[in-house]
Amino acid sequence: MSSRTTFIGAVEIGTSKITALVGEYNGRELMIIGHGECPSRGVIKGAVVDYKAASECTHSALEQAERDAGERIELVFLAQTGGHLEGFYNEAAVNVVAADNMIGPADIRTVSELAKAKELPAGRMVVHHIRRPFRVDGRLVPGTPENLVGQQLTVGYWTVHGQEQRLADNIHVIRGFNLEVRELVLASLASGHMVTTQEERQHGVLAIDLGAGTTDYVLYRDGSPHTTGVVPVGGAHLTNDLSIGLRLTQSQAEKLKLRFGRAAVQCQDKGDKVWLDGNFSIGDRQFPRQAIEQITAERTRELLEVVKKKLGNAFTPETCAAGVVLTGGTAKLAGLAETAAKVFGVPAHLGETPTWVADNLRDPANHTALGLLYYGVSAQHERASTSRRRGGFLATFKRLFASA
Amino acid sequence: MNPLNSQPPSTRHWKDIPQQVRHRAMSSGGRRRVLLGVLKTAAIIGTLAALAWGGAGVAAALHEEAGPASPSGPAVPLHDLVLVTDGVLDQAWLARTLAVPKGTSLMALDLFQLRTRLLASGQVRAATLTRNFPATLAVTLTERLPVVRLQVQDAADGPRTLLVARDGTVYAGSGYDPQLTETLPWLAGVKLQRQGGAFLPVAGMEPVADLLAKAKLEAEPLYAAWRSVSLARLESDGEIEVGTKDAIKLIFATNEDFFRQLANLDAILDAARAQPEKVLREVNLAVGGQVPVAFDRPGPPVPPPTAAPASKGPLFTGFNPP
């Protein structure tokens with residue numbers, strides 16, 4: 001990315017709302033200068049099902065953000081979620097070529113290409129190749145193994161892939177606003193990057209982003225993402241359960257969930273009842289508080305157990321010393337941290353918004369969009385510096401001539 | 001795993017998804033952005049075109065301005081030439097050199113060209129030409145002063161005398177009092193080089209001018225006897241050779257104080273006059289504290305055949321100036 005000022009848009013097409021942020025990046029620092037939001041339509045469980053409706057909402061959020069920023073967005077970092085996303089781990093090892101066993105750039109390139117070269121089923125496309133730390137003769141190397149001495153170089157990649165049509169739909173929604181999608185970032189990586197610190201990631205931490213339609217998670221180990229995943233269940237399912245269990249409309253159930261829902265049952269009095277509206281209007285009804293709490297708590301616990309099950313052997317309390325960090329709109333559900341701690345057997349807490357974020361953006365529901373900007377910029381920066389390093393003297397000259 | 005034998009299979013990346021989108025798939029906001037983008041591009045192109053057009057117009061205007069201006073009213077022919085100079089050039093020389101055709105209006109004059117003509121003479125160091133409307137051209141000159149003179153032999157013009165200024169400029173000289181130019185020493189020991197129709201400046205005239213100015217100011221009688229100045233040893237030894245009317249060769253060092261050397265010379269000449277039996281031939285002031293002086297024996301007596309001729313063997317003596 002060049003050093004001139006770029007206006008970057010971060011867009012999260014969520015199930016309940018679409019968020020757009022505008023960041024001003026001058027090559028050194030990023031400032032958030034615009035924010036737009038629109039209730040979501042045409043999106044179910046993170047997937048676009050009604051192109052026109054989803055486009056209108058997304059474009060409305062983008063227009064609002066541009067108005068707020070007073071600048072035109074030049075490119076977009078787009079968050080990607082949905083049940084179609086899957087991941088797998090692939091590892092490769094090469095014998096070091098040099099006679100003195102010193103690892104060179106060619107060894108690193110070869111082993112990385114091999115580890116990433118796994119054929120995908122038809123109709124699937126790579127969203128991310130997430131590299132795990134290199135190992136030299138089994139020894140973990142946190143940084144680059146270049147110039148280290150060893151006989152065998154090993155590296156593994158966690159590859160996230162998704163359905164081509166679903167990915168294309170999301171991209172086309174943004175293109176419909178005449179904007180280029182520069183980065184497609186997994187929602188869990190974006191929000192995880194925002195709510196965890198480098199130290200936590202080094203010690204091992206699980207970040208869970210509970211959205212309305214999906215729950216995204218990322219497990220960090222040794223400072224980098226180890227496993228990611230998406231469970232196509234979110235806060236909307238809690239609303240749906242309340243709606244069925246208490247015979248309510250979706251909006252009434254949503255209202256009850258927000259006011260009385262809990263991730264852990266607290267009320268022991270079966271006779272304790274709460275009003276639906278509480279404004280003495282005609283038709284207002286009473287519901288047992290314990291029933292509401294039981295429904296939401298049960299579903300939340302079940303959701304977290306699904307996450308734990310999907311993580312499988314990757315998650316152990318020993319490898320997740322920094323515990324669980326919860327974020328996303330549904331993370332505001334009372335008692336969620338306690339339930340998460342019980343389910344995972346490690347300390348859990350709600351993700352905190354960094355202090356430099358403006359007050360109007362401090363809601364956990366905005367963590368993905370915020371993280372998108374920062375993760376996207378740092379990913380681009382890292383890619384640019386890697387290509388510069390790889391380029392060498394000749395490539396530098398070629399770039400000079402190309403830019404002249 | 002051997003990387004050389006395994007060809008990695010190609011995996012498709014999300015970046016392979018084409019980002020083109022059909023117009024009908026765009027929302028009104030997207031179409032508006034496209035329209036704005038087109039308008040912006042058109043505006044940039046328009047602005048650039050306007051700038052280019054404006055630039056061309058300004059260039060054309062400047063070009064017209066640089067040429068002879070066409071006066072809007074009836075042109076008044078040049079009537080007066082006013083000369084202000086710090087030297088000897090006169091009105092007639094100015095009129096002859098400028099050679100302005102009769103009836104030329106003041107605005108039709110190419111001042112740059114006229115100035116070039118003035119400077120080409122060599123005698124003029126700087127010239128300022130000013131139009132004073134309605135019909136006067138004022139010329140202010142700064143002239144060079146001659147330091148030495150030299151004789152050149154042209155195939156076309158025959159022998160002629162030229163003057164050399166302090167900065168080495170060689171010029172014909174005009175308007176000087178002959179009594180002044182005749183007292184100037186002749187310059188020797190240089191090779192003149194031509195460039196075009198003029199001579200290139202003579203190098204190393206600065207110290208010569210200093211020496212002559214000092215001599216003229218501090219020791220006028222000495223200077224009056226100097227007939228030639230040679231630069232033959234200037235570049236190699238840093239010495240200036242002066243020939244006098246009595247055929248005495250005086251050698252001055254350029255890196256020594258000229259005043260001290262002139263004082264030494266004066267003392268030596270006085271001492272030499274006290275020995276009329278000896279004829280002074282050379283005084284070398286460039287050695288330092290000791291001044292070698294060479295004498296020739298005067299007189300005609302024919303030496304006996306066995307004796308060495310006195311005139312061929314100069315007697316060198318160390319002379320300590322008082």
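What follows is a chat about a predicted model, with a first-year student asking about chain A and its contact with chain B.

Reader: Let's start simple: how many helices and strands does chain A have?

Author: Chain A of this predicted model has 10 helices and 19 strands. Of its 404 residues, 47% are buried.

Reader: And what share of the contacts in chain A comes from residues 24 or more positions apart?

Author: If we take the contacts in chain A with a separation of 6 or more, residues 24 or more positions apart account for 70% of them.

Reader: Okay, now helix α9 of chain A: which of its residues are buried?

Author: Helix α9 of chain A runs over residues 336-344, and its buried residues are A:L336, A:A337, A:T339, A:A340 and A:F344. These residues cover an arc of only 160° around the axis, which means that they sit on the same side of α9(A).

Reader: What covers them?

Author: The cover over the buried residues of α9(A) includes three strands and a helix of chain A, namely β13 (205-210), β18 (324-327), β19 (348-350) and α8 (289-311). Just after the helix, α9(A) is followed by A:G345, which has a positive phi, near 75°.

Reader: You mentioned β18, so what about A:V325, is that one buried or exposed?

Author: A:V325, which lies in strand β18 of chain A, is buried, because 28 other C-beta atoms lie within 10 Å and the cut-off for being buried is 20 or more.

Reader: Which residues is A:V325 in contact with, leaving aside its neighbours within four places in sequence?

Author: With those neighbours left aside, A:V325 is in contact with A:V195, A:T196, A:V205, A:A207, A:H349 and A:G351. As for helix α9(A), its residues run from 336 to 344, and A:A341 is 16 residues from A:V325 in sequence and 9.9 Å from it in space, C-alpha to C-alpha.

Reader: Switching topic: at what angle do α6 and α8 of chain A cross?

Author: The axes of α6(A), residues 235-245, and α8(A) come within 10 Å and cross at roughly 140°. The two helices are therefore oblique to each other, since only angles over 145 degrees would count as roughly antiparallel. The crossing in which α6(A) passes α8(A) is right-handed.

Reader: Which residues make that contact?

Author: On the side of α6(A) the contact is made by A:H237, A:L238, A:D241, A:L242 and A:G245, and on the side of α8(A) by A:I292, A:I295, A:T296, A:R299 and A:T300. Sorted by kind, the residues of this contact are four nonpolar, four polar and two charged.

Reader: Which residues have a positive phi without being a glycine?

Author: Two examples are A:K45, with a positive phi of about 50°, and A:N178, with a phi near 60°. Most residues other than glycine have a negative phi. A:K45 lies in the loop between β4 (43-44) and β5 (47-48) of chain A, while A:N178 is found in the loop between α3 and β12. A:K45 is buried, with 21 other C-beta atoms within 10 Å, and A:N178 is buried as well, with 20.

Reader: Last one: how many residues of chain A touch chain B, and what gives the largest share?

Author: There are 28 residues of chain A in contact with 21 residues of chain B. Elements giving two or more residues to this side of chain A include α1 (51-69), β7 (86-95) and α3 (164-175), and α3(A) gives the largest share, five residues. By kind, this side of chain A divides into 15 nonpolar, six polar and seven charged residues.

Note on methods
Residues are numbered from 1 along each chain as its sequence is written. Chains are lettered from A and ligands numbered from 1 in the order in which they are written. This is a predicted model: local features need pLDDT of at least 70, side-chain atom pairs count only at pLDDT 80 or more; totals for chains, interfaces and linings use all residues. A residue is buried if 20 or more other C-beta atoms lie within 10 Å of its own, exposed if 12 or fewer, and partly exposed in between; C-beta atoms are placed from the backbone. Helices (H or I, at least four residues) and strands (E, at least two) are DSSP runs, numbered from the N terminus. The arc is that of the directions from the helix axis to the C-beta atoms. Two residues are in contact if their C-beta atoms, placed from the backbone, lie within 7 Å. Axes are lines fitted to C-alpha atoms, for helices over the stretch in contact, and angles run from 0 to 180 degrees between N-to-C directions. Angles under 35 degrees count as roughly parallel, over 145 as roughly antiparallel, 65 to 115 as roughly perpendicular and the rest as oblique. A crossing is left-handed if the near helix is turned anticlockwise from the far one by less than a right angle, and right-handed if clockwise. Ala, Val, Leu, Ile, Met, Phe, Trp, Tyr, Cys and Pro count as nonpolar, Asp, Glu, Lys and Arg as charged, and the others, Gly among them, as polar.
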